[in-house]
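User: I would like to go through this model with you, one question at a time. Please reason each answer out before giving the value or name.

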Amino acid sequence: MATPYACESDVSECLGYDNDVIGFAVLRNKPAPTAYAANPTPVRVDVLEVGLIFAAVLLFVSYLIILPGIRGWERLWSFIRVTTSIFIGTAIMVSIYGQEWEVASLHKVETAYKSFFREEIHDAEIEVKVGLNAVNITLKTNPIQPFIDDEHAEFPNEIINYNERFHFYGSQRRNGFGPFAGRINREFRAAQWRGMPFPILWIAEYFVLDGEKIRWGRSYRHAGFYTYIMLW
């Protein structure tokens, strides 16, 4: 039987586990929990938008299954009515929750990368998509590991493939970045603390500023708010 002192040196012995049989010590720093390496990945698709389209397709396919049971000319009129209804409903929902109301992009951009990173990035692609409630900013290079072959790079394995979303819905609230500031202001400050790349922060900053005739964020928020109400 293991003594209390054995637990300090070997947790598996104290608990009665056999390392050779079940691999209790694999990826584990005793007595800490299992540790896995970080796996940051960018958002590749809008899950909500894809879900809405999938739901519409599912409804349409279900209707096609029962369509042969409708006889005569009523089958044609029913097909037109249901197809039109599903299309209009899906278009409205995707318009409300999608991010394609205004789109802009830049290609082959040379720019600084981020803080404490001396290398610049070349051949970068920057894309901005504005929706009714948020702005989506994409930054990636081709290839996504531009420093992999640079023997002088400080971080040769750096992956540049970012997709960040900043929400501007809700009230305007106070200027600044405190707990009573607007939502996009607080998300912008959180992105700064996380060390987001400069191009993403520079673009988001235009939506954060609210003064000196630079009020893009306020304008997009008002337009999105009233458009959202009208579509519903």
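User: Which residue meets the side chain of aspartate 210 in a salt bridge?

Analyst: This is a predicted model, and what follows is computed from it. Aspartate 210 is buried, with a relative accessible area of 14%, and its side chain takes part in a salt bridge in which N and O lie 2.6 Å apart. Salt bridges that share partners also bring Arg215 into one network with Asp210 and Arg218. The partner in the 2.6 Å pair, which is itself partly exposed at 25% relative accessible area, is arginine 218.

User: Why does the salt bridge between arginine 194 and glutamate 164 tie together parts that are apart in sequence, and how many residues apart are they?

Analyst: The closest N and O atoms of arginine 194 and glutamate 164 are 3.1 Å apart, and the glutamate counts as buried because its relative accessibility of 18% falls under the 20% limit. Arginine 194 belongs to helix α6 (residues 183-194), whereas glutamate 164 belongs to strand β4, so the pair links parts whose separation in sequence is 30 residues.

User: Within helix α6, what separates glutamate 187 from arginine 183, in helical turns?

Analyst: Glutamate 187 and arginine 183 form a salt bridge, with their closest N and O atoms 2.9 Å apart. Glutamate 187 counts as buried at 18% relative accessibility, while arginine 183 counts as partly exposed at 30%. Because the two residues are 4 positions apart in helix α6, the separation is about one helical turn.

User: What is the strand order of the open sheet?

Analyst: The pairings can be followed strand by strand, beginning with β1 and β2 (residues 120-130), which pair in the antiparallel sense over 8 bridges. β2 is then joined to β3 by 7 bridges, again antiparallel, and β3 pairs with β4 in the antiparallel sense over 7 bridges. β1 (102-112) and β4 (161-167) are the edge strands, each pairing on one side only, and the order is therefore β1-β2-β3-β4.

User: Which residue in β4 is the bridge partner of threonine 138?

Analyst: Threonine 138 lies in β3, where it stands opposite glutamate 127, and β3 follows β2 in a hairpin with 3 residues between the two strands. β3 also pairs with β4, and the bridge partner of threonine 138 in that strand is asparagine 163.

User: Is β3 largely enclosed or open, and how many of its residues are buried?

Analyst: Helix α7 (residues 198-208) packs on the sheet and touches β1, β2, β3 (134-141) and β4, its direction making about 160° with that of β3. Counting residues of β3 as buried when they have under 20% relative accessible area, the strand is largely enclosed by the rest of the structure, since the number buried is 7 of the 8.

User: Which helix gives the most to the nonpolar patch on the surface?

Analyst: The patch is formed by Leu64, Trp73, Leu76, Trp77, Phe79 and Ile80, which together have about 600 Å² of accessible area. One of these, isoleucine 80, is partly exposed, with a relative accessible area of 40%, and is found in helix α5. The helix that gives the most, with 5 residues, is helix α5 (residues 73-97).

Notes: Residues numbered from 1 in each chain as written. Predicted model: local features only at pLDDT ≥ 70, side-chain atom pairs only at ≥ 80, totals over all residues. Heavy atoms only, no water. Contact = heavy atoms within 4.5 Å. Axes fitted to C-alpha atoms, helices over the stretch in contact; angles between N-to-C directions. Patch = residues over 30% accessible without salt bridge, like charges linked within 9 Å, V, L, I, M, F, W, Y side chains within 5 Å. Areas by Shrake-Rupley, 256 points an atom, 1.4 Å probe, with all protein chains shown as cover. Salt bridge = Lys/Arg side-chain N within 4 Å of Asp/Glu carboxyl O. Buried < 20%, exposed > 50% of the residue type's maximum accessible area, 1.4 Å probe, protein only.
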